[in-house]
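Please read the following report alongside the sequence and the coordinates. It takes up charged pairs, nonpolar packing, aromatic rings and a polar contact in turn.

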Amino acid sequence: MPSRRLRSALSALLIALSCLLAPFGALAAWAAYGLADTGRYVTTMAPLAADPAVREAVVDTVGDGILRAVDEHLDIRPMRGSVRPFVHDAVRSFTQTRAFRLAWDTANRVTHDAVLRALREEDEHAVMVDLAPVTAQVKRQLTHDHVPFAARIPVEHTAVAVLPAGQLTVLRKGFHVLEVAGFWLPVASVAFAVAGIALAVRRRRAVVATALGTALGGALLALALCVGRGLTLADLPAGVSHPAAGAVYDALTGTLRTAAWLLLGLGLTVALLTWLTRYLRLPRPARRRRGSPAPAPAAAPAPTRARA
């Protein structure tokens, strides 16, 4: 019948759209509600303060920055090789203290707030981060260890560009799109799935197709995260630590990776349960029509005479 064919075609289209939007909805929701929330971002980044690769990257960055600042005010080039280990050891010792963890959380919170403010407002200035508090902590540690010239290390407001001004316009448009898509894409995916199953002529088959398509979307999302990690690390500048960048990438995408595995597991589970219920259904007893006589009881078998 034409109506059945039309229903089947429309149902298949809606289910296909639902399965296509599921991974993109998870990605948009992660960006809009995970990365854009300062509290969640700081909580996600907090464990990295204990990561060895991240600590070593901080040691190299802050230690080299201190040595450059000292070179500008004091000529220590003849003894730079002997001072460098003391500076790096002091920074390494500082990264193992509670003060570093507090400074790490504060720096992440301040940076995230500054980035969000730049993306949500019309300010075209670059987002900068000041490293002076970290330098002051390291200077106190070096002075306590009686390192030469430690007391004369200049503590200057060193501004590091986190978000260049030239990229703000493009990033601001993309951020606004993500804020809208983070809510509507998941809602549209669920609505299309419900409508597609409701219109289907064979709803059990439609449920299985929706579940398998959702599982496929989750698997593709997990694969995209793995490929994105490799591409991100391959495009890093020469001076950036790959292990530290990999740890940051894994921490930021942890929630999205969990969502991908949930889509995969939930889709496969629903498809399997729907398929099993088709074969495990108990046979229903036949219904007796109203007014029809009740079936006569089966006659008892006649007793047999025992032989003499």
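## A charged pair within helix 4

Asp89 and Arg92 are three residues apart in helix 4, so about one helical turn separates them. In this predicted model, their side chains meet in a salt bridge, with a distance of 3.0 Å from N to O. Both partners keep some accessible surface: Asp89 is partly exposed, with a relative accessible area of 45%, and Arg92 is likewise partly exposed, at 27%.

The pair also belongs to a wider arrangement, in which Glu56, Asp89 and Arg92 are linked in a network of salt bridges.

## Other salt bridges

How many salt bridges does the structure hold? The count is four, and among them is one between the side chains of Arg40 and Asp37, where N and O lie 3.7 Å apart. Arg40 counts as partly exposed at 46% relative accessibility, and Asp37 falls into that class as well, at 30%.

Another salt bridge joins Arg229 to Asp250, with the closest N and O atoms 2.8 Å apart. Because Arg229 lies in helix 8 (residues 203-234) and Asp250 in helix 9, this pair ties together parts that are 21 residues apart in sequence. Arg229 is partly exposed, with a relative accessible area of 30%, while the value for Asp250, also partly exposed, is 27%.

## Nonpolar cores

The largest nonpolar core has 19 residues, of which Leu48, Val54, Val58, Val91, Phe100 and Trp104 touch the most other members. Several helices contribute, since at least two residues of this core come from each of helix 2 (38-45), helix 3 (52-73), helix 4 (80-94), helix 5 (98-120) and helix 9 (242-252). Which helix gives the most to this core? That is helix 3, which supplies eight residues.

A second core, separate from the largest one, is made of 10 residues, including Trp30, Ala31, Ala222 and Leu225.

## A nonpolar patch on the surface

Nonpolar side chains are also found on the surface, where Leu10, Leu13, Leu17, Leu20, Phe24 and Leu27 form a patch with about 520 Å² of accessible area together. One of these residues, Leu20, lies in helix 1, which covers residues 2-35.

## Aromatic rings

A pair of aromatic rings is described by the distance of the centres and the angle of the planes. A search of the whole structure finds one such pair, formed by Phe183 and Trp184, whose ring centres are 4.9 Å apart and whose planes make an angle of 85°. With planes over 60 degrees apart counted as edge-to-face, the pair of Phe183 and Trp184 is therefore placed in that class at 85°.

Are these two residues buried or exposed? Phe183 is partly exposed, with a relative accessible area of 42%, whereas Trp184 is exposed, at 53%.

## A polar contact in helix 10

Thr274 is found in helix 10, which runs over residues 254-280, and with a relative accessible area of 13% Thr274 is buried. Which backbone oxygen lies 2.7 Å from a polar atom of the side chain of Thr274? The oxygen belongs to Val270, so the polar atom of this buried side chain has a backbone partner within the 3.5 Å used for a polar contact.

Notes
Residues are numbered from 1 along each chain as its sequence is written. This is a predicted model: local features need pLDDT of at least 70, side-chain atom pairs count only at pLDDT 80 or more; totals for chains, interfaces and linings use all residues. Side-chain values use heavy atoms; hydrogens and water are left out. Patches are made of residues with over 30% relative accessible area and no salt bridge: like charges are joined within 9 Å, nonpolar side chains (Val, Leu, Ile, Met, Phe, Trp, Tyr) within 5 Å. Accessible areas come from the Shrake-Rupley method with a 1.4 Å probe; for residues, only the protein chains shown count as cover. Helices (H or I, at least four residues) and strands (E, at least two) are DSSP runs, numbered from the N terminus. A nonpolar core is a set of buried Ala, Val, Leu, Ile, Met, Phe, Trp, Tyr and Cys residues joined through side-chain atoms within 4.5 Å. Buried means under 20% relative accessible area, exposed over 50%, partly exposed in between (1.4 Å probe, protein chains only). Rings of Phe, Tyr and Trp (its six-membered ring) pair if their centres lie within 6.5 Å; planes under 30 degrees apart count as stacked, over 60 as edge-to-face and the rest as tilted. A polar contact is a pair of N or O atoms within 3.5 Å; within protein, one must be able to donate a hydrogen and the other to accept it, and residues adjacent in sequence count only if both atoms are side-chain atoms.
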